[in-house]
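Work through the exercises below with the sequence and the model side by side, and try each task before reading its solution.

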Amino acid sequence: MSFTYEFPRPALTVDAVVFGFDGSGLQILLIRRGLEPFAGQWALPGGFVHAGETLEAAVRRELEEETSVHAVYLEQFHAFSAIDRDPRERVVSVAFWALVRKSDHRAAAATDAADAQWFPITDLPPLAFDHADIAAAAVTQLRERIRSQPVGFSLLPEKFTLTELQTLYEAIAGESLDKRNFRKRILALGFLTALAESRSSGAHRPAQLFRFNLTQYQRLVRRGFHFDL
């Protein structure tokens, strides 16, 4: 496939903000760049879009190549187009965010990434390009989304306690939530299935386990239900 253009055009890249939850805090997956520019610095996984790729195909390829993470839910959330955001040339980046269960995805660096690690969102290292702005925008998007859709369950194990669920929501929201009110509201929504199982944690008494019931949630939505937490 060949192209002829009468005027210069910007290059196109994709970047991925991959969120994970370790049981106590929200984390973002970063790669250490192995190539210039910014060799040795931490950055979001991503890269240039090939001529024969869609944006989603490109970001999935880059994620698998640079971090070994694959088969995740991705959502496009913003385009970043500052004139000088990349020292190589004029580059526009389309950013995606993803929510993953960390236990299901072992991060391992590959291709031009020298390393891949998880970092707490509250303690990110200095990032290459404008990736700090991209990560901050993704956190803002996630904080808005968790109040209108039950996306947080994608970060939890299949079976979880209400304490784990509240800890996750507090980690995303960046604030403490009243335990009694949170449990009352989340159980009243009607899409958590209580299991005849429990989990022990240290000296505390065993806590009942729950599972997110996607079928029940979809049934409620068809009836006009609106998630509001």
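## Exercise 1: Two charged residues in helices

Task: Determine where E62 lies, and decide whether E62 is buried or exposed.

Solution. Begin with the location: in this predicted model, E62 lies in helix α1, which covers residues 55–67. Next, take the relative accessibility of E62, which is 8%; because buried means under 20% relative accessible area, E62 counts as buried. Finally, look for the surroundings: when residues up to four places away in sequence are not counted, E62 touches G46, G47, F48 and T67.

Task: Carry out the corresponding analysis for R145, asking which helix holds R145 and which residues R145 touches.

Solution. R145 lies in helix α2, which comprises residues 131–145. Its relative accessible area is 16%, and R145 is therefore buried under the cut-off of 20%. With residues up to four places away in sequence again left aside, the residues that R145 touches are E75, W97 and V151.

## Exercise 2: The surroundings of strand β1

Task: Work out how many residues of strand β1 are buried, and which strands pair with β1.

Solution. The first step is to consider burial: of the eleven residues of strand β1 (residues 11–21), ten are buried, so β1 is largely enclosed by the rest of the structure.

The second step is to follow the pairing. With strand β6 (residues 91–99), β1 pairs in the parallel sense over nine bridges, and in this pairing the bridge partner of L12 is V92. Strand β4 (residues 46–48) runs antiparallel to β1 and is joined to it by three bridges, with G46 as the bridge partner of D15. Strand β2 (residues 26–33) is likewise antiparallel to β1 and joined to it by three bridges, and here F21 has L26 as its bridge partner.

The third step is to inspect the connection: the hairpin of β1 and β2 has four residues between the strands, and G23 in this hairpin takes a positive phi near 100°.

A link to the previous exercise can now be drawn, since G46, the β4 bridge partner of D15, is also one of the residues touched by E62.

## Exercise 3: How α3 packs against α4

Task: Describe the arrangement of helices α3 and α4 by finding what angle their axes make, and then identify which residues meet.

Solution. Two packed helices are described by the angle between their axes and the distance between the axes. The axes of α3 (residues 162–173) and α4 (residues 179–188) come within 11 Å and cross at roughly 105°. That crossing angle makes α3 roughly perpendicular to α4, because angles of 65 to 115 degrees count as such.

Turning to the contact itself, α3 contributes L162, T163, L165, Q166 and Y169, which meet K179, F182, R183, I186 and L187 of α4. Sorted by character, the residues of this contact comprise six nonpolar, two polar and two charged.

## Exercise 4: The protein as a whole

Task: State how many helices and strands the protein has, and what share of its residues is buried.

Solution. Counting the elements gives five helices and nine strands, and their order along the sequence is β-β-β-β-α-β-β-β-α-α-α-β-β-α. For the overall dimensions, the C-alpha atoms fill a box of roughly 65 × 40 × 30 Å along the principal axes. Of the 229 residues, 43% are buried, while the accessible surface comes to about 12,500 Å², with 49% of it belonging to carbon and sulfur atoms. As a last step, consider the contacts between residues at least 6 apart in sequence, of which 67% join residues at least 24 apart.

How values were computed. Residues are numbered from 1 along each chain as its sequence is written. This is a predicted model: local features need pLDDT of at least 70, side-chain atom pairs count only at pLDDT 80 or more; totals for chains, interfaces and linings use all residues. Side-chain values use heavy atoms; hydrogens and water are left out. Axes are lines fitted to C-alpha atoms, for helices over the stretch in contact, and angles run from 0 to 180 degrees between N-to-C directions. Helices (H or I, at least four residues) and strands (E, at least two) are DSSP runs, numbered from the N terminus. Angles under 35 degrees count as roughly parallel, over 145 as roughly antiparallel, 65 to 115 as roughly perpendicular and the rest as oblique. Contact means heavy atoms within 4.5 Å. Ala, Val, Leu, Ile, Met, Phe, Trp, Tyr, Cys and Pro count as nonpolar, Asp, Glu, Lys and Arg as charged, and the others, Gly among them, as polar. Buried means under 20% relative accessible area, exposed over 50%, partly exposed in between (1.4 Å probe, protein chains only). Accessible areas come from the Shrake-Rupley method with a 1.4 Å probe; for residues, only the protein chains shown count as cover. Two strands pair if DSSP finds at least two bridges between them.
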